[in-house]
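Here is a friendly briefing to read alongside the coordinates. Have the viewer open, and follow the topics in whatever order suits you.

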Amino acid sequence: MSEPLSKQEIRERVWRALEIHGGARFPGAKGRIPDFTGAERAALHLRDLPEWKRARVVKIDPDGPQLSVRRMALREGKVVYMAVPRLRASACFIELDPARLGANSRRAAGIKGAAALGRAVTPAAVRPIDLIVCGSVAVNGRGARVGKGGGDSDLEYGLLREHGLVTARTPVVTTVHPLQLVPHEIEMRPHDIVLDWIATPEGLLHCGGGLTRPRGLYWEYLDDSKTAAVPALAEVQSAPHRS
């Protein structure tokens, strides 16, 4: 690994590289989880993972580059959970069950389609998760990840862990462009999710960095404004086991 950089410096380098080398699709890379060229091929490589083959219930981020993953999962009969943007509702996950959606499954894989056709549920109503697919801005071979900076994926993982719906053994994978795979050390805090596999259009990379997985929510990293903005956080905080 090369010299340490801040997460924002890593984001800026990756966004710039994707723009310069034509790796990002419309509307561009900067400020988001970039939709990258070859995202469909990267998604197909997930089918080679035993963890994917075994999974019946998957949580997949709603980002553009994971659209192909959501479509593939629904096509294979897997139940998909997507988070509501910024977890702004008590029912902060959308359940997409292909058995219920039928011919609407393909449309439901998109953000608008999921909102219209899916079933909004609270974290307590989510089925146990067999596999997580997250979007990323940058990743390294140890399994460290940089998101777009909002901490949403980490918070969603923490909530699901608090409810016993994911464990330390739940596989976490991402799909990225090769330019998003960086040689830098990435600072990892206790609440940051850790990757097991990285899928690019060229194939799969197994992460073996021995990084520690989050055990749940880390309240010391959550200020009052965040707790107030996410109803599911307040509900966990006020639950009897925390009194």
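Helices here are DSSP runs of H or I with at least four residues, strands are runs of E with at least two, and both are numbered from the N terminus. With that numbering, α8 is followed by G164, whose phi is positive, near 75°. Please keep in mind that this is a predicted model. The points below start with the sheet, move to the helices and cores, and end with a few single residues.

**The sheet as a whole**
- Eight strands form an open sheet with mixed pairing, in the order β4-β3-β2-β1-β5-β8-β9-β10.
- Its edge strands are β4 (119–121) and β10 (203–206), each of which pairs on one side only.
- On average, neighbouring strands of this sheet are turned by 25° against each other, direction ignored.

**Around β1**
- β1 is covered on both faces: V57 and K59 on one side, and V58 and I60 on the other, are all buried.
- On one flank, β1 pairs with β2 in the parallel sense over 3 bridges, and K59 has Y81 of β2 as its bridge partner.
- β1 also runs parallel to β5, to which 3 bridges join it; here I60 is bridged to V133.
- Together, β1, α4 and β2 make a β-α-β unit that is right-handed.

**From β5 to β10**
- β5 continues the parallel pairing with β8 (residues 172–175), again over 3 bridges, and V133 stands opposite V173 in β8.
- β8 and β9 run parallel and are joined by 3 bridges, with A199 of β9 as the bridge partner of T175.
- β9 (residues 197–200) has both faces covered, since W197 and A199 on one side and I198 and T200 on the other are all buried.
- β9 and β10 run antiparallel, joined by 4 bridges, and W197 has H206 as its bridge partner in β10.
- These two strands, β9 and β10, form a hairpin with 2 residues between them.

**Helices α4 and α8**
- Which residues of α4 are buried? They are S68, V69, R70, M72, A73 and L74.
- α4 is followed by G77, whose phi is positive, near 85°.
- Helix α8 (residues 152–162) has 10 of its 11 residues buried, so it is largely enclosed by the rest of the structure.
- The buried residues of α8 include polar and charged names such as D152, S153, D154, E156 and R161, along with L155, Y157, G158, L159 and L160.

**Nonpolar cores**
- In soluble globular proteins, nonpolar side chains tend to be buried together.
- The largest nonpolar core has 32 residues, of which Y81, F93, V126, I129 and L233 touch the most other members.
- β2 (79–83), β5 (131–134), α8 and α10 (231–237) each supply at least two residues of this core.
- α8 gives the largest share of this core, with 4 residues.
- Apart from this core lies another one, of 26 residues, among them A55, M82, L96 and A199.
- Leaving out residues up to four places away in sequence, V126 touches Y81, F93, V121, L160 and L165.

**D61, after β1**
- D61 is found in the loop between β1 (57–60) and α4 (67–75).
- Is D61 buried or exposed? Its relative accessibility is 3%, so D61 counts as buried, for which the cut-off is under 20%.
- Not counting residues up to four places away in sequence, D61 touches Q66, R70, V133, C134, G135, S153 and E156.
- Several of these contacts tie back to the helices above: R70 is among the buried residues of α4, while S153 and E156 are among those of α8.

**Two partly exposed residues**
- E12 is found in helix α1 (residues 7–20) and is partly exposed, with a relative accessible area of 26%.
- The side chain of E12 makes a polar contact with the side chain of Q8, at 2.8 Å.
- E12 and V80 are 68 residues apart along the chain, and their C-alpha atoms are separated by 31 Å.
- P50 is found in helix α3 (residues 50–54) and, at 44% relative accessibility, counts as partly exposed.
- P50 and R127 are 77 residues apart in sequence and, C-alpha to C-alpha, 20 Å apart in space.

Notes:
Residues numbered from 1 in each chain as written. Predicted model: local features only at pLDDT ≥ 70, side-chain atom pairs only at ≥ 80, totals over all residues. Heavy atoms only, no water. Buried < 20%, exposed > 50% of the residue type's maximum accessible area, 1.4 Å probe, protein only. Contact = heavy atoms within 4.5 Å. Core = buried A, V, L, I, M, F, W, Y, C linked by side-chain atoms within 4.5 Å. Polar contact = N/O pair within 3.5 Å; in protein donor to acceptor, adjacent residues only side chain to side chain. Pairing = 2+ DSSP bridges. Right-handed = clockwise from strand over helix to strand, strands pointing away. Axes fitted to C-alpha atoms, helices over the stretch in contact; angles between N-to-C directions.
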